[in-house]
Amino acid sequence: MIRIQEHLNIDNADLYLDNLAKELWIFLNPMKVNKNEFKKSSLIKKLNALLELVDNPEYFKKYANNSRLILFLQKEFLEYLKNNSYEKLKLLVISRPSDLLKLKNEILGLSPINIFYSNKEGKLGQTNFGKLLSEKLFNYSGFRGTQFCHELMIRSGFDGVTCPYCNDSKIEILDISEENEETVRLKAYLDIDHFYPKSPNPFLALSYYNLIPSCTNCNSREKGNKEFCILTHNHPYLDSFDKRYFFRIDAKTMTDNDSLEIRLDYLDKTRLDFTNRDLNILNRYSGKNLKDAIKLKNLYQDYHHYLDVAEFEGAFKDLLLANIPIHSCEILKNINGKLNRDIIKQID
């Protein structure tokens, strides 16, 4: 609901996050001890292994569909990642959201056909080459299970906060190690959404700024494989939902103690945005989320006259503002913080 940089509330948050992205690149490319050589598990070594594999006759049949053109395009993509000391491979991991879009378009522009994803008779799915990249090179599943992944999410500011997409569900990263264990084991009770879905874009599966900690409702039930883009959707590392949208109370329901109708106004007239539609935000907030909002509205209506009584004014304000994020940088720390903050702005 706000930019992650604002949530972190630290000096030069952009530089801080860029350094985390670089640490991810280093983690994905471990070096052999006392040797100036990458381990076999590194992205760089795995890329080189794939380049050797494409010359195998079995590869031609299994992954290139016996097509010389497809084989050429696949090899060209892998060479693209390797050129200039693996420059593009590294950029895919560390680039900021705007640069990731440029890289994505550049990669898709390399080929007249999509070699990663196919549409056969209305059925969408990864090509065999796309699956190979997902399993052997950009292996997100393997990364997701590492302690480094969990630690990275903590250092990125996502421990004990709400989903940055909806601000409705708490996400947590807990220490599950036993007292006698020497190493700390963490378990992340959160989904990690790929802003650009990893199935059609396997080359973005390990991109730091493409990994968005989120709740299951946003990641699986609402977003899924919908094609999101920074030009049409709110990106938590780039945009602030709080500044673009405003939850507005319907004045007709202000005097009804049992109900409250809200609408979600879009404030930015400079571009279209489909975040509300594609994440079903308003409908979700028009359901169970209204219970606490109605209590907040009723609290103000029933006791606002105490604002004119000096001895009670301070106590009433404290009660009214309890769990309300006064500063926007605190929104993600409070479930429904954005909604309740907008309500307070209107009834103040």
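A residue is called buried here when its relative accessible area is under 20%, exposed when that value is over 50%, and partly exposed in between. By this criterion, buried residues make up 51% of the 348 residues in the protein chain of this predicted model. The chain is built from 16 helices and nine strands, and its accessible surface comes to about 17,800 Å², with 50% of that area belonging to carbon and sulfur atoms. Among the contacts between residues separated by 6 or more positions, 64% involve residues that lie 24 or more positions apart.

The packing of helices is a convenient place to begin. Two packed helices are described by the angle between their axes and the distance between the axes. Helix H2, residues 13-28, and helix H9, residues 147-155, have axes that come within 11 Å and cross at roughly 175°. Since an angle over 145 degrees counts as roughly antiparallel, H2 and H9 are therefore roughly antiparallel to each other. On the H2 side the contact is made by Tyr16, Leu20, Glu23, Leu24 and Phe27, and on the H9 side by Phe148, Leu152 and Arg155. Sorted by class, the residues of this contact comprise six nonpolar and two charged residues, with no polar ones. An α-helix has 3.6 residues a turn, so residues three or four places apart point the same way.

A second pair is formed by helix H3, residues 43-53, and helix H5, residues 68-94, which pack at an angle of about 175° with their axes 10 Å apart. That angle makes H3 roughly antiparallel to H5. From H3, the residues Leu43, Ile44, Leu47, Asn48, Leu50 and Leu51 meet Lys75, Leu78, Glu79, Leu81, Lys82, Tyr86, Leu89 and Val93 of H5. The contact of H3 with H5 is made up, by class, of ten nonpolar, one polar and three charged residues.

Several individual residues in and around these two helices can be followed further. Ala49 is found in helix H3 and is partly exposed, with a relative accessible area of 43%; its C-alpha atom is separated by 9.4 Å from that of Leu137, although the two residues are 88 residues apart along the chain. Glu76 has its place in helix H5 and is likewise partly exposed, at a relative accessible area of 31%. Between the C-alpha atoms of Glu76 and Ser111 the distance is 9.0 Å, while in sequence these residues are 35 residues apart. Tyr86, which is also found in helix H5 and takes part in the contact with H3, is buried, with a relative accessible area of 16%. The backbone of Tyr86 deserves a look as well, since its phi is near 65°, a positive value in a residue other than glycine. Asn66 offers another case, with phi near 60°, again a positive value in a residue other than glycine; Asn66 is found in the loop between helix H4, residues 57-62, and H5.

Further along the chain, two aspartates sit in loops. Asp239 has its place in the loop between helix H10, residues 216-223, and helix H11, residues 241-244, and it is buried, with a relative accessible area of 8%. The side chains of Asp239 and Arg244 are joined by a polar contact of 3.2 Å. Leaving aside residues up to four places away in sequence, Asp239 touches Ile2, Arg3, Ile230, His233, Asn234, Arg244 and Arg271. Asp273 lies in the loop between strand E9, residues 262-266, and helix H12, residues 275-279, and with 11% relative accessibility it counts as buried. The side chain of Asp273 reaches the backbone nitrogen of Asn234 at 3.4 Å, and a polar contact of 2.8 Å joins the side chains of Asp273 and Thr275. With residues up to four places away in sequence again set aside, Asp273 touches Thr232, His233, Asn234, Arg244, Tyr245 and Tyr266. His233, Asn234 and Arg244 are thus touched by Asp239 and by Asp273.

The last part of this walk concerns helix H16, residues 337-347, which is mostly covered, nine of its eleven residues being buried. The buried residues of H16 are Gly337, Lys338, Leu339, Asn340, Arg341, Asp342, Ile343, Ile344 and Ile347.

Definitions and conventions:
Residues are numbered from 1 along each chain as its sequence is written. This is a predicted model: local features need pLDDT of at least 70, side-chain atom pairs count only at pLDDT 80 or more; totals for chains, interfaces and linings use all residues. Side-chain values use heavy atoms; hydrogens and water are left out. Axes are lines fitted to C-alpha atoms, for helices over the stretch in contact, and angles run from 0 to 180 degrees between N-to-C directions. Helices (H or I, at least four residues) and strands (E, at least two) are DSSP runs, numbered from the N terminus. Angles under 35 degrees count as roughly parallel, over 145 as roughly antiparallel, 65 to 115 as roughly perpendicular and the rest as oblique. Contact means heavy atoms within 4.5 Å. Ala, Val, Leu, Ile, Met, Phe, Trp, Tyr, Cys and Pro count as nonpolar, Asp, Glu, Lys and Arg as charged, and the others, Gly among them, as polar. Buried means under 20% relative accessible area, exposed over 50%, partly exposed in between (1.4 Å probe, protein chains only). Accessible areas come from the Shrake-Rupley method with a 1.4 Å probe; for residues, only the protein chains shown count as cover. A polar contact is a pair of N or O atoms within 3.5 Å; within protein, one must be able to donate a hydrogen and the other to accept it, and residues adjacent in sequence count only if both atoms are side-chain atoms.
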